[in-house]
Each structure stands twice: as structure tokens, then as C-alpha cells.
Amino acid sequence: MNFEASLRVEGYASLFGRPDSAGDVVMAGAFAASLARRPPAAVKMLFQHDPAQPIGIWTDIREDRHGLKASGMLAAGVARAEDIARLIRLGALDGLSIGFRTVRAARDRATGLRLLRAVDLWEISIVTFPLLSEARIMGQRQPAPVPLPMTTAAAIRAAARSFLT
């Protein structure tokens, strides 16, 4: 038996300086303090921001010059996660969205937009319709299976098969 994740995903959950449809603009550095306190696996991977639907884990979350980039894997053996993996592979589902608590923000008087300067990141969801339309899954791949240890008898049979072929 092999342990295998359903699907590895990667994308931008937020992009700096771009207004979302709720009127929020995340500024560069807004996630820094939160990411320093909370490791990637502690930021929940949810479906549609529903806390009753955890679907995997984030393995890497970081700010780069474009925004908040996240990589993770959907959980094999979790029916909902496997359904979502199939939808992602088909291209039917590709949105990302952040769940957070605002720590520091200011309203831009000229535009009315809320500039988020510091946020406490709680979760990143895979969603159908992200508030920030550019927040998308940009990479997906099947991870290599990780073999479980073989019994001695199985190892001897495998060695004999490779010797005989």
C-alpha cells in the first residue's frame, strides 16, 4: 500500500495592491507577522470557507513580490478532497480565497477602498468564486507515491522478480 496525496496545488491566495470585489486591497507585508507566528499547516485549508470542510494542508505559505503564494496538498482518502481534486484537474474549480482578521487597515479617501496593512491569516480556501478574481490555483500535480516498508518476504520476492527479468 502506498501513501499518496490526492493532488498538490499551488497558487496565489492574494495579490498585493489589487482591489477585490468587497473593496479590500491587501498591501505588501500585510501577512508578515501572521506568517511568523503561524506555520503553514496551522493555516487551515478549507472548501468554500466552511470550517466543517477541511480538505488538506498547506505546506508552504509565503509573501513574494506579487502576493501571498500558497502550496499544499489535498488529502487522499477524504471523499470531499478527492472530489475537489477531480474538479481542479478538470479545470472546473480554481479559485483561492483568504479568511483573516483585520489587524490594521485604513480607508483610502479618494477611492473608498480599505487598505489592509496587517492581517491575521486563519485559512485559505479553495473556492468557486474568489473575491479577488486573480487569486487562482496555478499549478497542480500528482505527487510521487511514498512506498511503505515491505515485509522481509515481500522484499525477497521483489528482489527475485527483478533478478529473473
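**Entry 1: Ser14**

I began by writing down that a residue counts as buried when its relative accessible area is under 20%. The model I am reading is a predicted one, and I keep that in mind for every entry below.

Is Ser14 buried or exposed? I looked up its relative accessible area and found 2%, so Ser14 is buried. I then located Ser14 in strand 2, which covers residues 7-15. To see what surrounds Ser14, I set aside the neighbours within four places in sequence, and the contacts that I listed were Val26, Phe31, His66, Gly67, Leu68, Ile98, Leu132 and Ala135.

**Entry 2: the whole chain**

Before going on to other residues, I looked at the protein as a whole. I noted three helices and 10 strands, and from the N terminus on I wrote their order as β-β-β-α-β-β-β-α-β-β-β-β-α. The protein has 165 residues, and buried ones make up 36% of them.

I also looked up how far apart in sequence the contacting residues lie. Among contacts with a separation of 6 or more, 69% are between residues 24 or more positions apart. For the outside of the protein, I recorded an accessible surface of about 9,500 Å², with 58% of that area belonging to carbon and sulfur atoms.

**Entry 3: strands 4, 5 and 6**

Next I followed the chain through strand 4 (residues 44-47) and strand 5 (residues 50-63), which run antiparallel and are joined by four bridges. As one pair to find in the structure, I marked Lys44, whose bridge partner in strand 5 is Ile57. Two residues lie between the strands of this hairpin.

From strand 5 I went on to strand 6 (residues 67-74), and these two strands also pair in the antiparallel sense, here over seven bridges. Three residues lie between strand 5 and strand 6 in their hairpin, and I noted that Gly56 stands opposite Leu74 in strand 6.

**Entry 4: Gln48 and His49**

I returned to the loop between strand 4 and strand 5, where I looked up the backbone angles. Most residues other than glycine have a negative phi. Which sign does the phi of Gln48 have? I found a positive phi of about 55° for Gln48, although it is not a glycine. His49 is not a glycine either, and for His49 I wrote down a positive phi of about 60°.

Gln48 lies in the loop between strand 4 and strand 5, and His49 has its place in that loop too. I then checked how accessible they are: Gln48 has a relative accessible area of 32%, so I entered it as partly exposed, and His49, at 32% relative accessibility, counts as partly exposed as well.

**Entry 5: Ile124**

I found Ile124 in strand 8, which covers residues 114-127. Its relative accessible area is 0%, and because buried means under 20%, I entered Ile124 as buried.

Which residues does Ile124 touch? Not counting residues up to four places away in sequence, I listed Ala13, Val43, Lys44, Met45, Leu46, Trp58, Ile61, Leu68, Ala70, Leu96, Ser97 and Ile98. I also looked up one C-alpha distance: Ile124 and Gly99 are 25 residues apart along the chain, and their C-alpha atoms are separated by 6.0 Å.

**Entry 6: Val25**

Val25 is found in strand 3, and at 4% relative accessibility I entered Val25 as buried. Leaving aside its neighbours within four places in sequence, I listed the contacts of Val25 as Gly17, Arg18, Pro19, Leu113, Arg114, Leu115 and Leu116. For a distance along the chain and through space, I took Val25 and Ala105, which are 80 residues apart in the chain and have C-alpha atoms separated by 9.5 Å.

**Entry 7: the largest pocket**

Last, I looked up the largest pocket, which holds about 210 Å³ of space. I noted 16 residues in its lining, and those nearest its centre are Asp20, Ser97, Ile98, Leu131 and Leu132. Strand 2, strand 3 (24-26) and strand 7 (95-107) are the elements that give two or more residues to this lining. Which element gives the most to the lining? I found that strand 7 does, with four residues.

Finally I sorted the lining residues of the largest pocket by kind, and I wrote down 10 nonpolar, three polar and three charged.

Technical notes: Residues are numbered from 1 along each chain as its sequence is written. This is a predicted model: local features need pLDDT of at least 70, side-chain atom pairs count only at pLDDT 80 or more; totals for chains, interfaces and linings use all residues. Side-chain values use heavy atoms; hydrogens and water are left out. Buried means under 20% relative accessible area, exposed over 50%, partly exposed in between (1.4 Å probe, protein chains only). Contact means heavy atoms within 4.5 Å. Accessible areas come from the Shrake-Rupley method with a 1.4 Å probe; for residues, only the protein chains shown count as cover. Two strands pair if DSSP finds at least two bridges between them. On a 1 Å grid over the protein atoms alone, a cavity is a set of points where a 1.4 Å probe fits but cannot get out, and a pocket is an open set with protein on both sides within 12 Å along at least five of seven lines; lining residues have an atom within 4 Å of a point. Grid points are joined across faces, edges and corners, and a volume is the space filled by probe spheres set on the points. Ala, Val, Leu, Ile, Met, Phe, Trp, Tyr, Cys and Pro count as nonpolar, Asp, Glu, Lys and Arg as charged, and the others, Gly among them, as polar.
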